[in-house]
Amino acid sequence: MSTSAVALDDLHDQFLLDPSLVHLNHGGFGACPRPVFDAHQRWQRDLERHPSALLSHGYGALMEGVRERLAEFLGCAARDVVLVQNTTAGLNAVARSLRLRPGDEVLATDHEYEAMDLLWQHVCADTGARYIRHRLPLPVEEQGDLVEALWSAVGPATRVIFLSHITSKTAITLPVAEICRRARAAGIMTVVDGAHAPGQLPLQLDALGADVYAASCHKWLCGPRGTGFLYVRPEYQSGILAPLISHGSQPGSTFLDRHRWQGTRDPSAFLALPTAIDCQQTQAWEAARRRSHELARAARAAVSGLFHLEPFTPDSDDWFVQMVSVPLPPCDSEAMRRRLLTEHRVDAPVRDWADGSLIRVSVHAYNTSDDLGRLVDALGALFTTPRAA
């Protein structure tokens, strides 16, 4: 079945997910619809039939085609975007390339992904710079309040502002464009973790104004795992090294040259990305995003009402789209996650946050209102039933 022929109600059957589970963790590791999965496998078979034909002779033109298609989808020039394995790989390449000095400051929020906190902590420890995780207050009513809260920590030593477009734990869409605008006027570099944005938010990277933007394509874009991109504005490209030094990294090489070849690897996941983009641009997927947002809104309201806990943000797609985090009463978060999965067959991450816990609910084309009902029923049962000895 072609991607353009799939109707909204048929999208559920496009995924190979275990039907015995309620899957509410798309933001964790994604899931491929059948057309993308099939394209990935076709490229894998082509590679196995004649490896050198693809890797020696066709690789350059094929990967350039993927990069150009992705750049068009992202609203940026193809010369400014390169293919990387995932968000982590792209941000590592950038952070470890910066020439920070003792006393420089990298300013971030306290909502960042833990692995990226570790990255900046290592980089700053090696260079003598300081990594500052500035608190963003929750709950919040106005996005301008978040801008002012972060900007209050900007000082004369601030060299880099690092923040997520959509935060991992709290699932909040941050006002990235305004922060980037202010930072550019102040001569501060901005580095954005966009892991959850492509496929969930419409992106126009040139207009957004970030100096660096890295994201994964296996999450909301529904591409194969092991695909991502790194966008860097031209004025910063000369200083950004590739994650691996290989062919193309000679003295005087360009940003694109350094990232074209990272040793022998299977490019089939990247070659399936145009199919993933095609899926995202059909009317059925647009309708699925709208329906997913409405289901996420309903889930947030139901869980908040169940425990009488205030949501983090107003009920608006300015703040969340298909992924939302909701406060829970204090609990053993890891034990609660396991019990949701093993006792109720509901897969959703439960995490510690501030002085309590929260659950992050991802809603995608394969989810239904019944899935969200099972989640709410499971939470109600788990918080009223003691764990068996």
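**A hairpin, its sheet and the cavities of the model**

In this predicted model, strands S11 and S12 make a hairpin with two residues between them, and Ala-354 in the turn adopts a positive phi of about 55°. The two strands of the hairpin run antiparallel and are joined by four bridges. Following the register along S11, Val-350 stands opposite Ile-359 in S12, and Arg-351 is placed opposite Leu-358 in S12.

The hairpin belongs to an open sheet of three strands, arranged in the order S9-S12-S11 with antiparallel pairing. Strand S9 (323–328) and strand S11 (350–353) are the edge strands, each pairing on one side only. On average, neighbouring strands of this sheet are turned by 35° against each other, direction ignored. S9 is connected to S12 by six bridges, and this pair runs antiparallel. Here Val-324 has Val-361 as its bridge partner in S12.

Strand S12 (residues 356–362) is mostly covered, with seven of its seven residues buried. Gly-356, Leu-358, Arg-360 and Ser-362 point one way from the strand, while Ser-357, Ile-359 and Val-361 point the other way, and all are buried. Two of the bridge partners mentioned above, Leu-358 and Val-361, thus point in opposite ways from S12.

Turning to empty space inside the model, three cavities of 30 Å³ or more are counted. The largest cavity has a volume of about 50 Å³. Which residues line the largest cavity? The lining consists of Thr-170, Ala-171, Ile-172, Arg-300, Phe-312, Thr-313, Trp-319, Phe-320, Val-324 and Ser-325. By residue class, six of these are nonpolar, three are polar and one is charged. Val-324, whose bridge partner in S12 is Val-361, is therefore a link between the sheet and this cavity, as Val-324 is one of the lining residues.Elsewhere, helix H3 (residues 51–74) has a kink of about 80°, centred on Gly-58. Just after H3, Gly-75 takes a positive phi of about 70°.

A last position worth a look is Cys-222, in the loop between strand S7 (212–216) and strand S8 (228–232). Is Cys-222 buried or exposed? Cys-222 counts as buried because its relative accessibility is 1%, which falls under the 20% cut-off. Although Cys-222 and Phe-29 are 193 residues apart along the chain, their C-alpha atoms are separated by 9.4 Å.

Notes:
Residues are numbered from 1 along each chain as its sequence is written. This is a predicted model: local features need pLDDT of at least 70, side-chain atom pairs count only at pLDDT 80 or more; totals for chains, interfaces and linings use all residues. Side-chain values use heavy atoms; hydrogens and water are left out. On a 1 Å grid over the protein atoms alone, a cavity is a set of points where a 1.4 Å probe fits but cannot get out, and a pocket is an open set with protein on both sides within 12 Å along at least five of seven lines; lining residues have an atom within 4 Å of a point. Grid points are joined across faces, edges and corners, and a volume is the space filled by probe spheres set on the points. Ala, Val, Leu, Ile, Met, Phe, Trp, Tyr, Cys and Pro count as nonpolar, Asp, Glu, Lys and Arg as charged, and the others, Gly among them, as polar. The bend at a residue is the angle between axes fitted to the seven residues ending there and the seven starting there. Two strands pair if DSSP finds at least two bridges between them. Axes are lines fitted to C-alpha atoms, for helices over the stretch in contact, and angles run from 0 to 180 degrees between N-to-C directions. Buried means under 20% relative accessible area, exposed over 50%, partly exposed in between (1.4 Å probe, protein chains only).
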